[in-house]
Amino acid sequence: MPPHHIAPPDHRTAGTTGDLPRVRTADEARAAVRILLPALAEGVIRRRRWAMATAERLQADRGAIDTLRDLRARYGAGPLWLPAGGRSLVLLLDSGDLARGLRETPEPFSPATPEKRRALEQFQPHGSLISRGAPRAVRRRLNELALDTPHPLHRVAPAVAGRVREEAAEVAARATRDGLDWDLFARGWWRSVRRIVLGDAARDAHDLTRRLAGLRAAGNWSLLHPRRRLARAEFLVRLQRYAFQAGADTLAGQLHLGDTGPEADPVGQVPHWLFAFDAAGMATLRALALLAGHPEAAARARAELTGADLAAPAPLPFLRACVLESVRLWPTTPVLLRESTEPTRWGDATVSRGTAFAAFTPYFHRAEPGGSYGDRFEPDIWLDGRAAENPALVPFSAGPGVCPGENVVLLTASTWLGVLLSGRTFTLDSPVRPHPRAPIPATLNHFGLRFTARRG
Ligand code: HEM
C-alpha cells in the first residue's frame with residue numbers, strides 16, 4: 001500500500017485536509033507537549049537561557065524525535081493532519097515529502113507563513129524569507145549575489161578570514177588563561193560578525209546587536225506580540241548608518257551588485273544576516289564541543305590546520321564537515337515551515353490552500369531511515385557523498401529556498417575553529433559531553449558549554 005493511503009487509526013474526512021490521516025486527540029496532545037511546546041519555550045527566534053538549560057536537562061529533543069518516530073510507526077510515513085490551535089497543520093514524516101515541499105518553494109509552498117512573517121517582521125519587514133511574489137524574487141536574488149551563494153570562498157573571503165583571525169585569536173588567548181564559555185566566545189564572535197557584515201567601524205556596536213536581540217525576543221511570540229514599531233525604526237536607522245558606510249570588503253558592501261531599487265530594499269536584507277549569524281555562533285561552539293569529545297577528529301582537524309595560513313581564506317573541508325555535523329545533530333532551524341498557496345495533492349488526498357506544512361528537522365536528521373550515523377558524530381558523511389544522497393539532511397534547507405548564507409557560515413565558522421584549535425587542545429567541563437561511546441545528546445545547551453583550553 002503506498003504510504004499516503006494507509007488507513008489511519010482515527011480517519012476523518014472533515015476539514016480542509018481532505019483524506020489525510022488525522023492524529024487522534026491523545027496523540028495531538030502528546031505532539032503539542034513533546035514537540036511544539038519545547039520548541040516554543042526554547043525560543044524560535046531568540047533562544048532563552050533558562051529554557052535551553054531545562055531542555056538540556058530533560059533532553060527535550062529526544063522526546064520529540066521519539067514521538068515522531070512513534071507517530072510514523074502507527075500512522076504511516078505519509079503527511080499527517082494535526083490541527084493545532086485552530087490552524088490547519090500537516091506534519092511531514094517522510095524525506096520524499098520533505099524534499100517535495102522544499103523543491104516546490106516558493107510556489108505552491110511559500111516560506112512566508114503568517115507565523116514566520118509576524119515573528120520576523122519585528123526586525124526585518126522586507127526580508128526575503130517573509131516576502132512573496134515579485135519582491136521575494138528580487139530580494140532572494142540580491143541575497144544570493146551579495147552572499148556569493150555558490151562559492152565556498154566568498155569574493156571577500158580574505159577580509160572575512162583576516163577579521164575572524166584577529167577576533168578569534170583574542171578569544172583564544174583569554175580562553176587559555178581563563179577557560180572558554182559562551183559569553184566569552186559570543187563577545188568575540190559578534191565583534192567578528194559586525195566587522196564582516198558592516199565593517200570595522202561596527203566592531204564595538206554592541207548596542208546594535210542588543211537592540212536586535214530585544215526585537216528578536218519579541219519575535220519569539222510571533223502572532224501574540226504587538227509590533228514594536230518604534231524600537232524597530234530605531235534599530236533600522238542605526239543599521240542604515242553603518243550599512244551606508246560599509247566598505248567593499250564587507251557583506252553589506254556587496255549589496256550594490258544586485259537590483260537596488262525600492263522593491264529590493266538592500267539594507268533591509270541585513271537584519272536577517274545578523275540574526276542568522278547567531279545560529280552560526282551556536283553551531284561553531286557546538287562543533288568545538290564535538291571535537292573536544294572526539295580526540296581523533298580533533299587530531300584530524302589539527303592536521304588540516306598544519307601549514308594552513310588562516311589569514312588567507314582556507315577551504316578547511318574537514319572543519320566545515322564538523323560544522324555541518326553540528327547543525328545536523330542540533331539543527332538551529334528545528335522547524336521548516338511552509339504554507340500552501342493553492343490546493344495540493346498528496347496521494348489521493350487534496351489538501352486545501354492555506355495549510356501549514358511542518359517538518360521537524362531533528363527527527364529527519366537523526367531518525368529518518370537511511371543513515372546508520374543518526375546519533376553519532378560522523379563528519380565524513382559530508383565528505384564522502386552520504387549526506388548529499390540523503391534528502392532528510394537539510395540543516396540549511398534545500399531547493400529554491402536553501403540558505404543563501406551557507407558558504408559564508410561555513411567559511412566563518414571553520415576559520416574560527418581553525419584559530420581556536422591551532423596549538424590548543426580543548427576539553428569540555430560542562431556536564432553534557434558528546435563522546436563516541438554513547439549516542440550524541442539530543443539537546444545541547446550552547447549557553448552552558450564550558451571548556452578548558454591547554455597549549456599543545
Ligand atoms: C548555522 C547557521 C545557519 C543555518 C543553519 C541557516 C539555515 C537556514 C535555513 C534552514 C533557512 C530556510 C528557512 C526557512 O525555510 O524557513 C535559511 C534561510 C536563509 N538564510 Fe540561513 N542559516 C544560517 C545562517 C545564515 C547566515 C549567517 C546568513 C547571512 C549571512 C543567512 C541567510 C539566509 C537568508 C537570507 C535566508 C532566506 C532565504 C530565502 O528567502 O529564500 N543564513 N537559513
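Cys 322 is placed in helix H13 (residues 317-329), where helices (H or I, at least four residues) and strands (E, at least two) are DSSP runs, numbered from the N terminus. The model is a predicted one, in which local features need pLDDT of at least 70 and side-chain atom pairs count only at pLDDT 80 or more, whereas totals for chains, interfaces and linings use all residues. Residues are numbered from 1 along each chain as its sequence is written, and side-chain values use heavy atoms, with hydrogens and water left out.

With a relative accessibility of 0%, Cys 322 counts as buried, a class that means under 20% relative accessible area, as against exposed at over 50% and partly exposed in between (1.4 Å probe, protein chains only). When residues up to four places away in sequence are not counted, Cys 322 touches Ala 287, Leu 290, Leu 291, Phe 377 and Pro 379, contact being defined by heavy atoms within 4.5 Å. The C-alpha atom of Cys 322 is separated by 10.0 Å from that of Ile 381, a residue 59 places away along the chain.

A second buried position is His 365, which has a relative accessible area of 2% and belongs to helix H14 (residues 361-366). A polar atom of the His 365 side chain lies 2.9 Å from the backbone oxygen of Arg 328; a polar contact is a pair of N or O atoms within 3.5 Å, and within protein one of them must be able to donate a hydrogen and the other to accept it, while residues adjacent in sequence count only if both atoms are side-chain atoms. Apart from neighbours within four places in sequence, the residues in contact with His 365 are Val 327, Arg 328, Pro 331, Gly 374, Ala 392, Leu 393, Val 394 and Pro 395.

The ligand is surrounded by 26 residues, of which Lys 116, Ser 128, Arg 136, Arg 140 and Cys 403 come nearest; a residue is near a molecule or strand if one of its heavy atoms lies within 4 Å of it. This shell divides into 14 nonpolar, eight polar and four charged residues, with Ala, Val, Leu, Ile, Met, Phe, Trp, Tyr, Cys and Pro counted as nonpolar, Asp, Glu, Lys and Arg as charged, and the others, Gly among them, as polar. At least two residues of the shell are supplied by each of helix H6 (133-146), helix H11 (270-293) and strand S5 (335-340), and H11 gives the most, with six residues.

The iron atom of the ligand has a single donor from the protein, the SG atom of Cys 403, at 2.3 Å; donors are N, O and S atoms within 2.8 Å of the metal (3.2 Å for Na, K and Ca), and water is not among the atoms, so sites may look incomplete. Cys 403 itself is located in the loop between helix H15 (386-389) and helix H16 (406-421). Oxygen atoms of the ligand also have polar partners in the protein: a polar side-chain atom of Arg 136 lies 2.8 Å from a ligand oxygen, an N or O atom in the side chain of Arg 338 is 2.8 Å from a ligand oxygen, and a backbone N or O atom of Leu 129 lies 3.1 Å from a ligand oxygen. Ser 128, in the loop between helix H5 (114-120) and H6, is buried with a relative accessible area of 10% and, not counting residues up to four places away in sequence, touches Arg 136, Arg 139, Arg 140, Asn 143 and Gln 269.

In helix H2 (residues 49-58), the buried residues are Ala 51, Met 52, Ala 55 and Glu 56. These residues lie on the same side of H2 because they cover an arc of only 135 degrees around the axis, the arc being that of the directions from the helix axis to the C-beta atoms. The covering of the buried residues of H2 includes helix H1 (25-42), helix H3 (60-75) and H11, whereas the face turned away from the buried side carries the exposed residues Trp 50, Arg 57 and Leu 58.

Several backbone features were also identified. Most residues other than glycine have a negative phi, and most peptide bonds are trans. Gln 59, in the loop between H2 and H3, has a positive phi near 45 degrees. Asp 148, in the loop between H6 and helix H7 (157-178), has a positive phi of about 50 degrees although it is not a glycine, and is buried at 6% relative accessibility. The peptide bond from Thr 105 to Pro 106 is cis, with omega near 5 degrees, and a cis peptide bond with omega of about 5 degrees joins Glu 107 and Pro 108. Pro 106 is located in the loop between helix H4 (95-103) and strand S3 (109-110), and Pro 108 is likewise found in the loop between H4 and S3.
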